[in-house]
Amino acid sequence: MEPTISTLIELRDALRRGELTSVAATQAMLDRIVAIDNTIRSYLTVTDEMALEMAATADRRRAEGEDTPLLGVPVAVKDLLCLAGAPTTAGSKILENFISPYNAHAVDRLIEAGAVILGKTNTDEFAMGSSTESSAFFTTRNPWDTERVPGGSSGGSAAAVAAGLAYGALGTDTGGSVRQPASFCGLVGMRPTYGRISRWGVIAYASSLDQVGPMGQTAADTAALLSVIAGYDPRDSTSLDTPVPDYEAALTGDIRGLRVGVPHEFFIEGIDTEVEAAVRAAIEQIARLGAEIIEISIPHTRYGLPIYYLIASAEAGANLARYDGTRFGERVTGSDVIDTVERTRALFGPEVKRRIMLGSYALSAGYYDQYYGRALKARELIRENFRQAFETVDVIAAPTCPTTAFKIGERVDDPLTMYLNDMLTLPLNLSTGCGLSTPCGFDSKGLPIGLQLIGGPLQEATILNVAHAYEQTQPRRKPELALGDIA
Amino acid sequence: MLQKYEPVIGLEIHAELMTQSKMFCGCRVVDSVEAEPNTAVCPVCLGMPGMLPVVNRRAVDFALLVALALNCEVQSNNIFARKNYFYPDLAKGYQISQYEFPIGLRGYLDITLSDGTIKRIGIRRVHMEEDTGKLTHLSDGSLVDFNRSGVALLEIVSDPDIRSGEEARAYAMRIRQILRYLRVNTGDMEKGVLRIEPNISIRPRGAEAFGTRVELKNLNSFRALADGTDFELDRQAALLDSGGRVIQETRGWHDARRETFSQRSKEEAEDYRYFTDPDLPPLYIDEAWIESARIALPELPQAKEARYRDEFGLSDYEASVLAEDRAVAEWFDAAVAGKGAGASPKTLANWILNDLFRLMNERGRSIDTLPVTPAALVALLGQVEQGTINQTTAREVLAEMMDSGRDPSSIIESRGLAQISDEAALTSIIDTIIAGNPGPVANYLGGKENLLGWFVGQVMRETKGRANPAVVNELLRTRLERERM
């Protein structure tokens, strides 16, 4: 494998020029996974046979003169998205042996575009977490410092891409689960507008917030993935029936005159000073590229956390009721039906149980108005905050997370501190726009820092272009483990 | 004993909608009794991970028709909610239903009681939801069949306006009739396609507050509904009279023992934790959609009955029998519309109710498979009207029409059934009969004028029933009078 090839776009171009085959690229990735993923632990399942078959098919198609957007490009998929014929566990014991009979829509789109699926990446159980520590199987390690978490819940996808174990990956972002691990792992990771990508075949955590998101080494890699997976799907009633722009073509690097808002509420108390400094420096750099920086306010930012946990947990409680062992997945047989269901559900991990309990409580008679009902109303306030902000600015710039990657085990016994990690990402999920995290330097420990760029509904091209323009001014750095160093 | 107490009854009716496919997926709707278990299922209606519902517009069309037929205010903003509860036949662990924003609100239905009075029953709401699977309990475990899971279901909830088993039955029968008229439900209670559950309570006459209610289940016939309701009213009255109290519970109806029995206590109200289903955006039913449903709405049975009575002069009984089934009523309407110079609606009604129904019974035919068209019956009666054949012959011809599907004129012609109205031919037959029967002639002339019928009979025998009776009567009377001279 050519060590110089580290981005998806570079690989795609090399494949197009015939410099290497998809089988060679795929085999190199699989070899790398064997070599270093026992350290990183980003994959729950490596679909090596399937991948090599897909790669061979891609090479055959290319030989016949075909070309599709991702023909022959090896990518990884979070284990919350169904892949037909492969295990789909959602990081849970309760689905440990579930083999999906269908593909998620986004997976279908990847396959149609010619991508090679390397495997399923680790996730917090049912995407409930910010570190992969709630995965029922193991914790993924951050390639920049293997003592630290990669973030979550799409931590497996982020670690895989950062460690050069895939050229790009899909995650899901319900409260920040793509942007936060992208930030921790030094990647570009996007949460598209709700409805931009079909949720068909994506195991539901919180249906009104869940959205599939792409992750890549660069804005262009991310744009290439987004172009493939975005688009209308009649099987998802919340899917948006609007045309998909060419996100790659939108990366002009020209952001002159763009109005960039900086909400002071996102620079919260307790934010890491190095993070704040890096983000402010990045915003200055964006200004130097010709954008206009405007101080703005998202006054209800601090209510995002409680609103999110009430709404997400309420929806999760209903979404997870189907895992009763009757029709699929694990069944722990008990003395009667009720006993069987209770024993089966005992397979859920503590974080999942916590949220089911919280959600059921928030919806229960006598408490609905006080909790869930109130959260719905407050969510409208946050939406209105963003709507108003986008009347005066095109893009919002802020930190993705208050800190860089934390140590494994550091926060597991303190759910509240863990939740605070998502404070800056989840307001967007409660609103209607799109957002991404893009690398903006490192702290003194050498850990990546993420700049969050938020756009209004369907403004993916705009925020990708800002990330791209900024990226051109920054040196690229790879973790010690990065591509080519080990293989 | 119900002098002391006033019954307060409301009905919840669940009707499966006869759409081709289920409410939220493409699975076909199969007969839940006949079909092999779990053969009409897919990942969506099995509630598998990552699967999403998509509303079946046809089911909404059907629900809209029912809401309009029941005089409901149609709600433009329809929201689907998740009703959370656990049962092994509920695939997702929640049922998609409508809660705060159902398709129809505040409707009503007029029912006719046995003494002829009309009573208006309020319809509180009509809402769409999905059916559950079905459990079968065996000695060594339970089996679940998800064929029914996700079938579109309509729930029709009445106001507590019903006061007796008879009213409950009249209301439920009307609902079923309307559902069948709208072709949205077969009305088959045995198969559970239509499920009727009364909520029954009593209160001292004059009291405002409602008594404790009991929900009655397993009613698989209208008789069971009426009897079960009455039994329950009596049971509650006896309970109160003896100083006891009614407990809130679900009771079943035991058809063989003809009594209700306790199934499940409802003392602790179940908390369904309803919330808007985030998988389904609000379904907006605009004016144009409502208007197209209004246009598709057929004339309903009550309107037909009234028209038959008021315009055609039919009796209540005739009107209700003809209007009972939409296909019969439409057959009758088509005959009336095509009658031209032929028979009156009253005559057509008589022929349908007596002769056609008898023949259909004998031959095991339904109105949908009838070889006789409304136009053919009108043509047949036209032949009677014109005097080509008489009523008796017409009955014979109709029978033949039922068997062969041929039109009446060709049957009359090929079998030589045309009526003899030719006076010369009839006069010669009459002359022969009078000459050959001096006795009866003498008696007739002696004052036994009712013997005229006997002479008519002789002419009919002679002509094999083909003589025009009006002409024969006239000729006979004149001829016999002439004997007097």
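Two residues are in contact if their C-beta atoms, placed from the backbone, lie within 7 Å. The exercises below use this predicted model.

**Exercise 1. The interface**

Find how many residues of chain A are in contact with chain B, and state which helices supply at least two residues of that side.

Solution. Applying the contact criterion between the chains gives 34 residues of chain A in contact with 26 residues of chain B. Next, assign the chain A residues to helices: helix 9 (304-319) and helix 11 (350-363) of chain A each supply at least two residues of the side that touches chain B. Helix 9 of chain A gives the most, with three residues. Last, sort the side of chain A that touches chain B by residue type: 18 are nonpolar, nine polar and seven charged.

**Exercise 2. One face of a helix**

Determine which residues of helix 3 of chain A are buried, and why they line one face of the helix.

Solution. Start with the geometry. Helix 3 of chain A covers residues 48-63, which is 16 residues, and reaches 22 Å from its first C-alpha to its last, close to the 22 Å expected at 1.5 Å a residue. A residue is buried if 20 or more other C-beta atoms lie within 10 Å of its own. In helix 3 of chain A the buried residues are A:Ala51, A:Met54, A:Ala55, A:Ala58 and A:Asp59. Viewed down the axis of helix 3 of chain A, these buried residues fall within an arc of 140°, so they line one face of the helix. On the other side of helix 3 of chain A, the residues A:Glu49, A:Arg60 and A:Ala63 are exposed. The cover over the buried residues of helix 3 includes helix 2 (22-40), strand 2 (74-78) and strand 3 (116-121) of chain A. After helix 3 of chain A comes A:Gly65, with a positive phi near 90°.

**Exercise 3. A kinked helix**

Locate the kink in helix 12 of chain A, and list the buried residues of helix 12.

Solution. Helix 12 of chain A, residues 369-392, has 24 residues. From first C-alpha to last, helix 12 reaches 34 Å, close to the 34 Å expected at 1.5 Å a residue. The kink is about 30° and is centred on A:Ala375. The buried residues of helix 12 of chain A are A:Tyr371, A:Tyr372, A:Ala375, A:Arg379, A:Ile382, A:Asn385, A:Phe386, A:Ala389 and A:Phe390.

**Exercise 4. Backbone exceptions**

Classify the exposure of B:Arg106 and of B:Asn218, and find the state of the peptide bond from A:Gly152 to A:Ser153.

Solution. As background, most residues other than glycine have a negative phi, and most peptide bonds are trans. B:Arg106 has a positive phi, near 50°, and lies in strand 6 (residues 104-112) of chain B. B:Arg106 counts as exposed because it has 12 C-beta neighbours inside 10 Å. Phi of B:Asn218 is also positive, near 60°. B:Asn218 is in the loop between strand 12 (214-217) and helix 3 (222-241) of chain B. Its 17 C-beta neighbours inside 10 Å make B:Asn218 partly exposed. The bond from A:Gly152 to A:Ser153 is cis, with omega near 5°. A:Ser153 sits in the loop between strand 3 and helix 5 (155-162) of chain A.

**Exercise 5. Domains**

Give the domains of chain B and the distance between the C-alpha centres of domain 1 and domain 3.

Solution. Chain B is divided into domain 1 (5-289), domain 2 (299-414) and domain 3 (423-484). The C-alpha centres of domain 1 and domain 3 of chain B lie 68 Å apart.

Definitions and conventions:
Residues numbered from 1 in each chain as written. Chains lettered and ligands numbered in written order. Predicted model: local features only at pLDDT ≥ 70, side-chain atom pairs only at ≥ 80, totals over all residues. Domains from an automatic or database assignment. Helix = DSSP H or I, 4+ residues; strand = E, 2+ residues; numbered from the N terminus. Expected span 1.5 Å × (residues − 1). Arc of directions from axis to C-beta. Nonpolar A, V, L, I, M, F, W, Y, C, P; charged D, E, K, R; others polar. Bend = angle between axes of the 7 residues up to and from the residue.
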